[in-house]
Amino acid sequence: MRKKRILSGMRPTGKLHIGHYVGALENWIKLQQNYESFHLIADYHVLTTKLDTKEIYQDSIDMLIDWLACGLDPVHSPMFRQSQIKEHAELNLIFSMLISVNRLERNPTLKDQIRDLNIENVIYGHLGYPVLQAADILLYKGEVVPVGEDQVPHVEISREIARRFNSNYGEVFPEPEPLLTKFARLSGLDGNAKMSKSLNNTILLSDDAETVKSKLRKAVTDPQKIRKGDPGNPDICLVFSYHRKFNPSKVEEIDKNCRSGALGCVDCKLNCASKISTFLEPIIVKRKYYENRIGEVTDILHDGESKAKRAAKSTMEEVHAKMMLG
Ligand code: TRP
């Protein structure tokens with residue numbers, strides 16, 4: 001049986017954090033065995049919120065190294081930059097004719113971003129963000145798109161565009177489906193619901209044991225539990241939520257000892273830091289391997305880009321034929 005095709009992507013914002021792993025990467029790695037996967041570095045999408053391009057290349061390489069260090073397979077799953085495949089721009093243009101401004105203005109993810117980032121004047125490209133994303137997905141005939149919840153409206157727009165194209169010009173595109181990541185997103189070290197570089201509340205996949213320890217020392221816990229002996233409430237404790245993910249076999253015991261007061265926050269945090277570092281250790285080793293062999297990393301990228309290019313070209317030939325262009 002033919003494997004279904006996955007198209008997944010992330011905006012390159014530099015080194016990844018454990019929230020990226022839990023929210024997306026872990027899933028991508030699992031899925032790559034049962035699907036044919038394409039992994040996109042969305043370096044054009046970054047421009048919607050950051051016009052300065054000085055760091056985009058290095059951020060893309062850093063993200064790629066994290067992908068590889070976590071176990072994405074460069075032999076079977078091409079990894080490539082959006083900006084290097086011109087067909088994204090071309091399909092974006094065609095798709096921009098197939099959706100109304102009104103529909104794009106209703107996109108809840110855009111509304112959230114405008115609010116969170118205090119954006120006063122929305123640029124045309126930001127409104128069109130999901131149109132470019134539809135081009136990303138459909139250029140590779142992506143059928144399954146593993147994403148977090150905030151991206152579901154964008155996949156829905158991709159479906160609408162695919163239907164519109166197919167009914168106007170003839171069947172070319174599948175209707176992609178979102179595949180939600182099971183584990184909810186990890187909260188940031190400051191207790192914010194989102195772990196994010198711009199909020200400066202992350203644990204990076206590349207953080208060494210000392211760094212993880214010192215970051216965790218400052219993490220927020222139950223504010224009512226001031227010293228060892230005070231009973232705590234793990235349900236509202238950030239550190240406990242990390243234990244759930246990185247120390248699952250000890251969760252019951254920690255829950256009990258936190259509530260009784262027998263376990264103090266200092267020990268609990270040290271223990272959590274050590275579990276996170278145990279998890280990160282092999283990733284850091286692999287990351288070092290690639291950092292010392294940048295030539296290998298760029299070869300992987302260029303190889304991914306030539307595979308992506310081939311797939312993109314073949315889709316665009318079909319598009320041109322159906323549209324009777326050329
Ligand atoms: N918008 C996605 C995000 O911010 C990144 C992205 C760009 C993407 N193109 C994509 C995700 C195509 C999936 C498929 O997370």
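Colleague: In β3, which residue is the bridge partner of H39?

Modeller: This model is predicted. A bridge links a residue of one strand to a residue of another, and in β3 the bridge partner of H39 is M79. The two strands concerned, β2 and β3 (residues 79–81), pair in the parallel sense over three bridges. Between β2 and β3 the chain passes through helix α2 (residues 56–70), in a right-handed β-α-β crossover.

Colleague: Which residue of β2 does I6 stand opposite?

Modeller: I6 faces S37 in β2. Strand β1 (residues 5–10) and β2 pair in the parallel sense, with six bridges. The chain runs from β1 through helix α1 (residues 18–31) to β2, and this β-α-β crossover is also right-handed.

Colleague: How many of the six residues of strand β2 are buried?

Modeller: Five of the six are buried, and strand β2 (residues 36–41) is thus described as mostly covered.

Colleague: Why does H88 count as buried?

Modeller: A residue is called buried when its relative accessible area is under 20%. H88 counts as buried because its relative accessibility is 0%. H88 belongs to helix α3 (residues 87–95).

Colleague: Which side chains does a polar contact of 2.9 Å join to that of H88?

Modeller: One such contact joins H88 to D136, and another joins H88 to Y140. Beyond its neighbours within four places in sequence, H88 is in contact with several residues, including L40, F80 and L132.

Colleague: Is Q113 buried or exposed?

Modeller: Q113 is buried, because its relative accessible area is 18% and the cut-off is under 20%. Q113 lies in helix α5 (residues 108–116). Leaving aside neighbours within four places in sequence, Q113 contacts R11, N118, I119 and H126.

Conventions:
Residues numbered from 1 in each chain as written. Predicted model: local features only at pLDDT ≥ 70, side-chain atom pairs only at ≥ 80, totals over all residues. Heavy atoms only, no water. Helix = DSSP H or I, 4+ residues; strand = E, 2+ residues; numbered from the N terminus. Buried < 20%, exposed > 50% of the residue type's maximum accessible area, 1.4 Å probe, protein only. Contact = heavy atoms within 4.5 Å. Polar contact = N/O pair within 3.5 Å; in protein donor to acceptor, adjacent residues only side chain to side chain. Pairing = 2+ DSSP bridges. Right-handed = clockwise from strand over helix to strand, strands pointing away.
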